[in-house]
Amino acid sequence: MAFNPFNVRVLLRVIGLAFTLFLAAYIGVQYAWYITMCCLLGVSVAMVIELIHYVKRTHQDMLKFLLAIKHSDYTLRFAVEGAPPQYRELHRMFNEITESFRQIKAEKEVHHQYLQGVVEHLRIGLITFDKTGQVQLMNKAAHRLLDLPFLQNLNAATKLYPNLTEVAFGEPTQEGKLIKLKQLTEEVLLTVQVSSLRLQDQEIRIMSFQNIRSEMEAQELDAWKKLISVLTHEIMNSVTPIISLTSSISDLVQSELTPIAQAGHLDEDTMEDLQLGLRTIEKRTRGMQHFVENYRRLTRVPPPRRAPLNIQALCDHVSRLVEAQMKSQKIQFLMQLPEEVLWLNADAEQLEQVLLNLLKNAMDSCSHVEDPRILLRAVKDPKAEHLVRVEVVDNGVGIAPEAQDNVFIPFYTTKPQGSGIGLSLSRQMVRQHGGNLHFTSKPHPHTTFFLTLPLLVEKGRE
């Protein structure tokens with residue numbers, strides 16, 4: 001058995017106590033020295049009390065140590081230098097064990113903070129939850145994508161997003177599922193993947209999701225641009241020589257056939273019909289050329305020439321450009337701008353064109369409405385302080401539900417004289433600025449177009 005100072009000291013105390021009791025009994029029986037016997041019994045009682053105190057103090061130290069370990073309190077320290085010699089080794093061992101646990105806890109906390117930082121850095125939303133739906137982890141991307149600042153149990157989101165909770169509690173699969181979520185200001189398209197694992201006999205589910213609408217819209221726009229480029233190239237190759245030949249034939253008719261008609265060898269009506277037909281062909285061909293050139297703009301949007309831009313100044317300038325037309329149509333025009341000066345790193349001409357197009361569409365929507373109203377508002381995005389959101393709100397006829405999915409598709413228009421490229425061009429310009437353009441529409445109550453742009457990273461200039 002290994003040498004243990006505590007056991008030796010207890011054994012010595014027990015032996016001393018036994019010897020004292022034996023000596024008291026021997027003296028009382030053999031010599032009848034009752035006073036001496038009583039003194040020895042008193043010493044024995046004192047020895048018993050001291051032994052109990054010795055063992056109890058060790059027990060108290062042990063209990064204090066175990067309670068500290070139970071409650072993960074690794075700040076507890078036992079005195080070594082000032083303690084009695086018999087307790088120094090025990091206290092030293094307690095302190096070493098506590099320090100080891102403290103280091104393990106610190107390493108675990110650092111590892112947890114590292115993983116938490118990695119999870120928060122991801123642009124993909126992550127939620128971990130148990131079989132009852134109790135959320136254990138939810139990163140910032142998940143809060144932002146779901147527009148939920150706080151979520152304790154996944155079942156609480158069933159009313160808002162039934163499709164999401166259905167996938168979350170369904171059969172786990174390695175294949176992503178596409179679902180649509182309608183939020184207050186936009187509709188997002190998420191690809192959702194759910195997997196499960198077991199931790200200490202408990203099933204934990206991990207759900208990841210990502211908004212792929214912007215990527216799909218970007219790919220869709222690239223496909224449209226390629227199609228438009230091919231079509232306009234082929235059409236222009238055919239239209240250009242027709243215009244040239246028509247012009248040449250018209251000049252030839254004018255120079256060669258006019259004398260013949262004047263001499264009476266050619267009917268004047270025939271001559272006029274011939275000239276009218278040539279002029280019509282040339283006019284319609286030039287109209288087609290202008291039509292194609294108009295759509296070519298979608299494939300030739302120049303990159304933005306960025307410079308510091310004051311959002312308040314931009315809105316003021318645009319409002320002055322439309323003020324006269326608003327008054328002529330008797331539209332009540334309001335503007336709400338933040339007191340704080342907000343700066344963008346953007347192309348002023350392109351953003352001016354976007355806002356003018358949105359305001360023009362709003363005026364067209366209000367043209368047949370009593371008490372027409374349009375609001376131009378700029379605010380910091382409540383979801384992200386580094387973004388500014390410019391809103392154009394009108395109380396016009398709005399966009400029919402069946403047409404809302406097609407609004408940003410090139411060539412699609414609900415206006416008799418519309419070209420169908422204004423909103424497509426606007427969204428393309430906004431995307432080149434790192435922003436987004438979307439809308440919500442409830443016909444007659446209100447239609448709102450949201451233009452979201454990143455603020456200038458540098459300190460704002462006054």
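I call a residue buried under 20% relative accessible area, exposed over 50%, and partly exposed in between (1.4 Å probe, protein chains only).

**Basis.** I worked from a predicted model, in which local features need pLDDT of at least 70 and side-chain atom pairs count only at pLDDT 80 or more, while totals for chains, interfaces and linings use all residues. Residues are numbered from 1 along each chain as its sequence is written, and side-chain values use heavy atoms, with hydrogens and water left out.

**Salt bridges.** I took a salt bridge to be a side-chain nitrogen of Lys or Arg within 4 Å of a carboxyl oxygen of Asp or Glu. Searching the whole structure, I found 10 of them.

I looked first at Lys327, which is exposed at a relative accessible area of 61%. Its partner is Glu323, with the closest N and O atoms 3.6 Å apart. Glu323 counts as partly exposed, at 37%. Both residues lie in helix α8 (residues 311–328), four residues apart, about one turn of the helix. For helices (H or I, at least four residues) and strands (E, at least two) I used DSSP runs, numbered from the N terminus.

I then noted Lys360 and Asp364, whose side chains meet at 3.5 Å, N to O. This pair belongs to helix α9 (residues 348–366), again with a spacing of four residues. Lys360 is partly exposed at 44%, and Asp364 is partly exposed at 34%.

Where do Glu391 and Arg389 stand, buried or exposed? Glu391 is buried, at 4%, and Arg389 is buried, at 15%. Their closest N and O atoms are 2.9 Å apart. Elsewhere, Arg77, Glu99 and Arg102 are joined into one network by salt bridges that share partners.

**Helix α2.** I recorded 37 residues in helix α2 (residues 34–70) and a reach of 53 Å from first C-alpha to last, close to the 54 Å expected at 1.5 Å a residue; the expected span is 1.5 Å times one less than the number of residues. Its buried residues include Met37, Leu51, Tyr54 and Phe65. Just after α2, Ser72 takes a positive phi of about 55 degrees.

**Sheets.** I counted two strands as paired if DSSP finds at least two bridges between them. One open sheet has five strands in the order β2-β1-β5-β4-β3, with antiparallel pairing. Its edge strands are β2 (135–138) and β3 (173–182). Within this sheet, six bridges join β1 (residues 125–130) to β5 (residues 202–211), and Leu126 has Ser208 as its bridge partner in β5.

Another open sheet runs β7-β9-β10-β12-β11, with mixed pairing. β7 (332–336) and β11 (436–442) each have a single partner strand, so one side of each is left without a neighbour in the sheet.
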